[in-house]
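Trainee: I should like to understand how the terms used for a protein model are justified. May we go through them one at a time?

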Amino acid sequence: MRRQKGAVPAPSSRRLRGYAFDPSLSLRLDTALINQAVYAVEWEPNLAPGPVGEYLEIVDFDPASGCWYEPVDLNAKEILAQDGLAPSEGTPQFHQQMTYAVAMTTIRNFEFALGRRVYWAHVYDETRPSGDRDVYVQRLRIYPHALRGANAYYSPNKKALLFGYFRSPTGMVFTCLSHDIIAHETTHALLDGLHRRYVEDNHVDALAFHEAFADLVALFQHFTFPEVLRHQIARTRGDLSAQSLLGELAQQFGEATGRYGALRNAIGEHDAAGHWHPVTPNPAKLTEATEPHARGAILVAAVFRAFLAIYKARVADLMRLATSGTGVLPLGAIHPDLIDRLANEASKTAKHFLTMCIRALDYCPPIDITFGDYLRAMITADFDMVPADEHGYRVALIESFRQWGIVPEGVRTLSEEHLCWSAPNTEELTAFQEVAERLRPLVSESLYFENREHSFHAFRKAQERTHELLAEMLSGSREAQQRKQFEAVTGLNITDIDALEGLRSSQRGKPTFEVHSIRPALRVTPNGRIMKQMIVSLIQRRRVAIDPDNPAQGKFDFRAGSTLIFDLEGLSLRYAITRRIDDFERLERIRAYRKSQSADRLSLRETYFGSSPTENGNGSSESKEPFCLLHADN
């Protein structure tokens with residue numbers, strides 16, 4: 001009998017070896033065997049040497065030595081057969097493989113949580129015709145050996161990750177070989193693609209949120225490595241609040257730059273003598289901490305404390321069984337079966353928290369986010385997905401944020417009911433329903449485009465169409481009531497150009513506004529319900545003086561706007577998360593913050609980048625590299 005040849009399906013994933021943490025742990029006897037992980041990266045059939053794929057392009061040029069390193073071909077049969085190249089500090093091709101594997105893992109975690117494909121921040125080209133100035137960026141570039149120095153950062157200007165390397169007392173340190181640093185920088189790029197105005201340093205929480213969110217993603221990804229998780233649970237006897245690798249970030253970098261241990265720690269800190277002790281919530285720290293990393297660490301500690309509380313609640317029954325109800329484990333190593341069960345619960349809980357943290361980004365204001373806003377976003381997003389909080393995730397978050405003194409503005413009590421964003425009253429405002437109805441086919445269809453560029457341009461057309469529809473519906477004297485309600489919901493001024501200083505106007509003398517982004521979301525709740533949503537961001541800006549009494553200090557863009565979340569099934573506006581253009585208190589706070597920034601900080605930045613242009617493509621004089629100095633030896 002002749003055997004018929006059947007079509008061999010493409011693999012679901014590409015297995016690539018890498019470090020679970022960084023190379024330093026492979027030199028320690030107790031962690032060497034667990035530090036090698038296998039990343040199951042989604043299979044890309046057209047992956048080119050570099051690697052160069054759909055989302056990423058690894059460019060391995062070392063400017064300091066003027067050297068181009070040969071790109072790795074992950075499709076070579078010798079490499080495929082052994083789960084990628086073996087971890088090696090001295091092999092540039094492994095460095096390329098490592099950055100690709102971790103960055104793609106982070107991207108997939110975002111897409112799972114958001115319910116759609118992700119896009120990098122577009123390039124604004126003012127030389128192109130009006131309406132076509134947003135240029136699609138298919139790939140984020142990654143430079144594993146971009147600079148000699150203790151630094152790694154995301155460049156919004158280059159749309160690239162730049163990793164440094166430097167010599168330490170124990171040898172050469174490559175930041176591109178640290179899972180935590182790669183995941184952290186990739187998260188900066190992903191967050192910039194979602195909320196590109198979050199890099200504007202308008203208040204003390206702005207850059208701190210960027211840093212904290214990137215740390216949270218890196219931390220929760222630790223719990224995806226089974227061997228590491230079992231090892232650390234065995235070592236801590238199931239107590240994840242004890243010092244462990246799971247709560248630490250960038251061990252090698254921290255030690256190489258003179259710290260007692262990791263670069264940052266979510267659950268503990270070292271005192272002046274180098275002794276580790278757990279961090280206890282202290283609301284006073286929120287007032288004292290102004291440096292972005294120090295302040296961001298408070299947000300990380302608040303979220304991670306909630307995670308630990310839920311983990312302890314989920315394993316309470318296992319501990320009762322293991323201790324015969326005493327709650328005290330017997331001396332000696334705990335049973336391997338108990339380790340496996342505890343590891344399973346920790347992994348599941350961490351995955352839930354990672355998904356909650358990422359999904360909440362769709363429920364945040366489009367500009368000037370605060371820690372309190374993020375708490376409200378997490379609570380609302382989780383309520384939409386899981387109305388019945390059986391395991392107490394939302395209660396744990398609220399309690400932990402309260403203990404750290406993170407209280408959102410404008411809420412009566414720290415209850416779930418008051419923290420959830422409220423639904424706006426739009427009974428008489430037909431514009432939103434009409435926009436949702438007309439855009440639903442286009443947005444729904446875009447969810448199934450195979451080509452990301454097609455989807456990008458479809459969303460751009462949707463933005464243009466939305467702006468046209470709103471302008472048409474809100475024009476004319478008979479629509480005065482509609483305009484008033486629209487302004488109340490969105491916080492914009494679309495009526496009176498003379499009402500506020502610095503408002504941009506159209507050729508017809510009316511205030512202008514921007515449909516900043518349109519993002520679809522297709523999510524499946526735990527009970528199988530499919531949620532189809534459309535997230536629309538509207539933004540308006542005013543050009544105002546930093547100090548009206550001192551024009552020499554210059555001007556800045558004061559932005560306002562709203563994140564509108566539509567239910568595409570019921571064609572209703574579920575939420576409007578708004579920053580008002582006529583909020584004079586917020587304007588004065590931003591002015592005070594900007595005036596408080598020292599001139600030294602600006603001049604130091606200019607020593608790296610040269611004098612900033614007076615105006616960039618987005619009408620701002622802000623530096624396009626906000627993360628470079630922020631990450632230098634931090």
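Mentor: Let us begin with a definition: contact means heavy atoms within 4.5 Å. Please keep in mind that this is a predicted model.

Trainee: Which residues is Arg17 in contact with, leaving aside its neighbours within four places in sequence?

Mentor: Under that definition, the partners of Arg17 include Gln36, Ala37, Val38, Gln82, Asp83, Gly84 and Phe94. Arg17 itself lies in strand S1, residues 13-19.

Trainee: What is the nearest side chain of opposite charge to Arg17, and why is there no salt bridge?

Mentor: That side chain is Asp83, 5.9 Å away. A salt bridge requires the nitrogen and the carboxyl oxygen to be within 4 Å, so Arg17, although buried, has none. A polar atom of the Arg17 side chain does, however, lie 3.1 Å from the backbone oxygen of Gln82.

Trainee: What makes the pair of Asp83 and Arg15 a salt bridge?

Mentor: Their closest N and O atoms are 3.4 Å apart, and the cut-off is 4 Å, therefore the pair qualifies. Asp83 lies in the loop between helix H1 and helix H2 and Arg15 in strand S1, so the pair ties together parts that are 68 residues apart in sequence.

Trainee: Why is Leu16 called buried?

Mentor: Its relative accessible area is 2%. Buried means under 20%, so Leu16 meets the criterion. Leu16 also lies in strand S1.

Trainee: Why is Asp83 called partly exposed rather than buried?

Mentor: Asp83 has 22% relative accessibility. Because partly exposed covers values between under 20% and over 50%, Asp83 falls in that class.

Trainee: Glu54 and Arg452 also meet in a salt bridge. How do you know that Arg452 is buried and Glu54 partly exposed?

Mentor: Arg452 has a relative accessible area of 1%, under the 20% limit, so Arg452 is buried. Glu54 is at 27% and therefore counts as partly exposed. Their N to O distance is 3.1 Å, and the two residues are 398 residues apart.

Trainee: How many disulfides does a search of the whole structure find?

Mentor: The search finds zero. Cys67 is in no disulfide, and the nearest cysteine sulfur, that of Cys176, is 14 Å away.

Trainee: Why can the sulfurs of Cys176 and Cys67 not be called a disulfide?

Mentor: A disulfide needs sulfur atoms within 2.5 Å; these are 14 Å apart, therefore too far for a bond. As for accessibility, Cys176 counts as buried at 0%, while Cys67 is partly exposed at 26%.

Methods: Residues numbered from 1 in each chain as written. Predicted model: local features only at pLDDT ≥ 70, side-chain atom pairs only at ≥ 80, totals over all residues. Heavy atoms only, no water. Helix = DSSP H or I, 4+ residues; strand = E, 2+ residues; numbered from the N terminus. Buried < 20%, exposed > 50% of the residue type's maximum accessible area, 1.4 Å probe, protein only. Lys, Arg positive; Asp, Glu negative; His and termini not counted. Polar contact = N/O pair within 3.5 Å; in protein donor to acceptor, adjacent residues only side chain to side chain.
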